[in-house]
Amino acid sequence: MILTVTLNAALDITYRVPALTPHATHRVAGVEERPGGKGLNVARVLAALGHDTVVTGFAGGRTGDALREMLAPLPLRDALVPVAGTTRRTLAVVDGTSGDTTQLNEPGPAVTAAEWSAFLGAYEGLLADAAAVALCGSLPPGVHVGAYADLVRRARAADVPVLLDTSGEPLLRGVAARPDLIKPNAEELARLTGSREPRRAVRDARRRGAHAVVGSLGPDGLLAATPDGLWQAAPPAPVAGNPTGAGDSAVAGLLSGLVEGLPWPERLARAVALSAATVLAPAAGEYDTAAYEELLGRVTVTERSATG
């Protein structure tokens, strides 16, 4: 099975308005609620791809109860650890005129030392049956900044390939623990390496400890520095829609490709096609199946030299 970790899970709420105007009252044209947080989005896409998937992390309060109720019908296993605090909400407001999305994210529940210890016990137990693990998203209050580095080391000790998708100091420390793969966006890469030149940045990120680095370039696709070379994968054309969760779908594509033993070009093509198909879907954690199948054969994957 594939294990995804969402330490700061969320109930994702999407509002759709005809046009978003500051300082104005809006009539909401549609509302959608989904279980969210990066790792849960990844898990839902993995399950849709047919992979046996388990989710863990934290859930608490009425929001946590609602999130778990939404997970129950899905083809994945809920191994979330209960906390006394209340799971956060995230609010996305989609402007129907421009297609732009405004995101509001709550901080999440404070996690106690006892709750963290309970999670570590559950995590190590789940690693015993895992083919791969994804560590995704922000850290909730109360969880130490080196938590992902610790979780990477525990996965490596269990001989489980580990993908890390976070940002800031947790990413900096996590990379030093030598994960198999990281997937930062361009801004996260720049903060990690000090370079805004993508090829230099992904190579520098590898030198900091990651076995492979896949940088997200937004509408330009993905740039991967791997042991097999440097690759760029791009969609056939930009797509318009809600980008929330597109990066999480890319993570699902990369992780499923790793478990299936696909060569890097095929992993990257799947990740780009899933990401683009997610932009066309109504909510994070979903993708437009027909669009994915149509896009997959049209993603361009090019091997790059170090300098050109």
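## Figure legends: the whole chain, strand β1 and residue R44

**Figure 1. The protein chain in overview, with ten helices and 15 strands.** The radius of gyration is 18 Å and the globule rule gives 19 Å for 308 residues, so the chain is as compact as a globular protein of that length. This is a predicted model, so please read every value in these legends as computed from it. If you are setting up a box, the C-alpha trace spans about 50 × 45 × 35 Å along its principal axes.

**Figure 2. Burial and contacts across the protein chain.** Of the 308 residues, 53% count as buried. How much of the contact list comes from residues 24 or more positions apart? Taking contacts with a separation of 6 or more, such pairs account for 65%.

**Figure 3. Surface and charge of the protein chain.** The accessible surface comes to about 13000 Å², and carbon and sulfur atoms hold 51% of that area. The chain carries 28 positive and 32 negative charges, and the mean positions of the two sets lie 6 Å apart.

**Figure 4. Strand β1, residues 2-6, seen by its two faces.** In a regular strand, side chains alternate between the two faces of the sheet. Is β1 mostly covered or mostly open? Five of its five residues are buried, so the strand is mostly covered by the under 20% relative accessible area cut-off. On one side sit I2, T4 and T6, and on the other L3 and V5; all of these are buried, leaving both faces of β1 covered.

**Figure 5. The strand partners of β1.** Which strands run parallel to β1? One is β4, residues 53-59, joined to β1 by five bridges. Another is β9, residues 132-136, also joined to β1 by five bridges. V5 is a handy landmark for this view: this residue stands opposite T56 in β4 and opposite L135 in β9. V5 is also one of the buried residues of β1, on the side it shares with L3.

**Figure 6. R44 in helix α1, which covers residues 38-48.** Is R44 buried or exposed? Its relative accessible area is 10%, and buried means under 20%, so R44 counts as buried. This view also brings in a residue from far along the sequence: R44 and E286 are 242 residues apart in sequence, yet their C-alpha atoms are 7.1 Å apart in space.

Definitions and conventions: Residues are numbered from 1 along each chain as its sequence is written. This is a predicted model: local features need pLDDT of at least 70, side-chain atom pairs count only at pLDDT 80 or more; totals for chains, interfaces and linings use all residues. Side-chain values use heavy atoms; hydrogens and water are left out. Helices (H or I, at least four residues) and strands (E, at least two) are DSSP runs, numbered from the N terminus. The radius of gyration is taken over C-alpha atoms; the globule rule is 2.2 Å times the number of residues to the power 0.38. Buried means under 20% relative accessible area, exposed over 50%, partly exposed in between (1.4 Å probe, protein chains only). Contact means heavy atoms within 4.5 Å. Accessible areas come from the Shrake-Rupley method with a 1.4 Å probe; for residues, only the protein chains shown count as cover. Lys and Arg count as positive and Asp and Glu as negative; His and the chain ends are not counted. The place of a charge is taken as NZ of Lys, CZ of Arg, CG of Asp or CD of Glu. Two strands pair if DSSP finds at least two bridges between them.
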